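Student: Got a minute to go through some helix packing with me? Put the model up and we'll start.

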Amino acid sequence: MPDAFRHETIRIEGGSGAISDARIGESNLRFGQLDFGFDKLDLGADVKEANPGSDECNLRSARSNPGSEVVLDFYLEDCIPGIRKLVEPGSVDVVVTSPPYNLGIEYGAYDDTVARDEYLAWTVKWAGVVKDAMSDGGSLFLNIGSKPTDPWVPFEVAEVLRPIFRLQNVIHWVKSIAIAKEDVGDYGTIVSDVAIGHYKPINSRRFVNDCHEYIFHFTKSGDVSLDRLAIGVPYQDESNVKRWKAAKEGLRCRGNTWFIPYETIQSRVKERPHPATFPPRLPEMCIQLHGLDKVNIVLDPFMGLGNTAIACVRLGVGFTGFEIDGVYFDEAYRRAKSEADAK
Ligand SMILES: C[S@@+](CC[C@H](N)C(=O)[O-])C[C@H]1O[C@@H](n2cnc3c(N)ncnc32)[C@H](O)[C@@H]1O
C-alpha cells in the first residue's frame with residue numbers, strides 16, 4: 001500500500017530547460033511554468049481525488065529549452081496510475097530506472113517477496129505504461145541485478161519485455177574489478193595489481209562474489225541514434241587519433257562495460273538509507289549516451305533515493321519521479337534539493 005500522495009517540485013533557474021505547459025482540460029492543480037498551484041499536498045492514495053472532474057488534466061510536459069528553467073517533479077505515488085495520470089503520453093525522452101528485483105530485498109513499503117509470476121505480470125504492466133509515456137525515439141535504461149541463488153531475474157525480466165520493446169544494448173554495470181599487473185603488461189600508469197570498487201562479499205564455496213548488474217537499453221524501434229562519444233574514453237595511443245577519422249575527437253566508444261563504483265560511506269543508515277540504489281553516475285551516463293541535446297524530460301518510475309533526479313540536476317534536464325515509500329521519497333527530494341542548491 002503506497003503512502004498518501006504527495007508532490008514536491010524543484011526548479012533550477014538558467015539550466016538548459018524551460019517548461020511548456022501541456023495541460024489538457026480544466027484543473028484545480030496547475031502545473032504550468034508561471035501558474036503552479038501547489039508544492040506539497042496530502043491528497044490520499046488516489047491522485048484523482050486531487051483533481052475532480054477530469055482524468056486528463058495535469059498531463060504535463062517539462063521542456064528543456066536553452067536559457068530557462070528546469071523543473072523536477074517528485075511524486076509519492078504508485079508509478080502505474082501516477083504515470084497514466086500525470087505524464088503526457090509520448091513526452092518522455094529517457095527513462096532510467098531500477099525496479100524492485102523480486103529477490104526478497106527488505107524495502108520499507110514494498111513487498112519484494114511476491115511470487116515470480118505475479119512479479120513478471122506486474123513488470124509487463126508498468127513497462128507498458130512507461131512505453132506509452134516515452135517518445136518514439138526514447139530510451140529506457142533498465143538496471144536490474146540478481147543474487148547467486150536466484151540468477152535468472154534479469155533474464156526473465158528481459159524476456160517478458162521482448163514483445164514490448166527492442167533490446168538495443170546490453171550494458172554491464174561493473175561495481176568492482178580486479179586487474180592483475182601481469183595481465184596488463186607494460187601499460188602506462190598501471191604499475192601494480194589493481195582491485196577497485198565495492199561489492200557485497202558472499203561467503204560461499206560454490207558462488208563467486210557478485211560484482212556486476214545489468215543495464216538493459218530498450219527502445220521502441222531498436223534504431224535510436226546514440227551520442228556514444230558523450231561518454232567516450234580517450235584513446236591510449238595518440239597515433240590512432242591521427243589515423244582514424246572517427247577518432248578525431250580523441251575519444252572512442254566506451255563499450256558495454258561501465259565501471260561505476262559506489263561512493264565510500266561511513267554510515268549506511270545516515271548516508272544511504274535504502275537497500276538497493278545505484279550511484280548518480282549511472283543515470284548520468286545513460287542520459288548522456290542517449291544524447292543530451294535530445295533530452296527534455298527524464299522519468300524514473302521507481303525513484304528510491306532519487307539518484308536519477310540528482311543526475312538530472314547535474315545535467316540540467318527535467319525530471320519526473322515516482323516512489324511509494326514516504327521515507328525514500330523525502331530523502332530523494334532532500335538530496336536532489338541540496339544538489340540543486342549547491343549548483
Ligand atoms: C531498486 S529501488 C530503486 C532505487 C533507485 N534507483 C536509487 O538509486 O535510489 C526500487 C524502488 O521502487 C519503489 N517502488 C516499488 N513499487 C513501486 C511502485 N509501484 N511505484 C513507485 N515506486 C515503487 C520501492 O519502494 C523502491 O524504493
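Tutor: Start with helix 7 (residues 281-290) and helix 8 (residues 307-315), which pack with their axes 8 Å apart, at an angle of about 55°. Keep in mind that this is a predicted model.

Student: What does that angle make helix 7 relative to helix 8?

Tutor: Oblique. Roughly parallel needs an angle under 35 degrees, and roughly perpendicular runs from 65 to 115, so about 55° falls in neither class.

Student: And which hand is the crossing of helix 7 and helix 8?

Tutor: Right-handed.

Student: Which residues of helix 7 and helix 8 meet?

Tutor: Helix 7 brings Pro283, Glu284 and Ile287. Helix 8 answers with Asn307, Thr308, Ala311, Arg314 and Leu315.

Student: How does that contact of helix 7 with helix 8 split by class?

Tutor: There are 4 nonpolar residues, 2 polar and 2 charged.

Student: Switching topic. At what angle do helix 2 and helix 3 pack?

Tutor: About 45°. Helix 2 covers residues 116-133, helix 3 covers residues 153-160, and their axes are 9 Å apart.

Student: How are helix 2 and helix 3 set to each other, then?

Tutor: They are oblique, because about 45° lies over the 35 degrees limit for roughly parallel and under the 65 where roughly perpendicular begins. The crossing of helix 2 and helix 3 is right-handed.

Student: Which residues make the contact?

Tutor: From helix 2, Leu120, Thr123 and Val124. From helix 3, Glu156, Val157 and Val160.

Student: Class split for helix 2 with helix 3: how many nonpolar, polar and charged?

Tutor: The contact has 4 nonpolar, 1 polar and 1 charged.

Note on methods. Residues numbered from 1 in each chain as written. Predicted model: local features only at pLDDT ≥ 70, side-chain atom pairs only at ≥ 80, totals over all residues. Axes fitted to C-alpha atoms, helices over the stretch in contact; angles between N-to-C directions. Helix = DSSP H or I, 4+ residues; strand = E, 2+ residues; numbered from the N terminus. Parallel < 35°, antiparallel > 145°, perpendicular 65-115°, else oblique. Left-handed = near helix turned anticlockwise from the far one by under 90°. Contact = placed C-beta atoms within 7 Å. Nonpolar A, V, L, I, M, F, W, Y, C, P; charged D, E, K, R; others polar.
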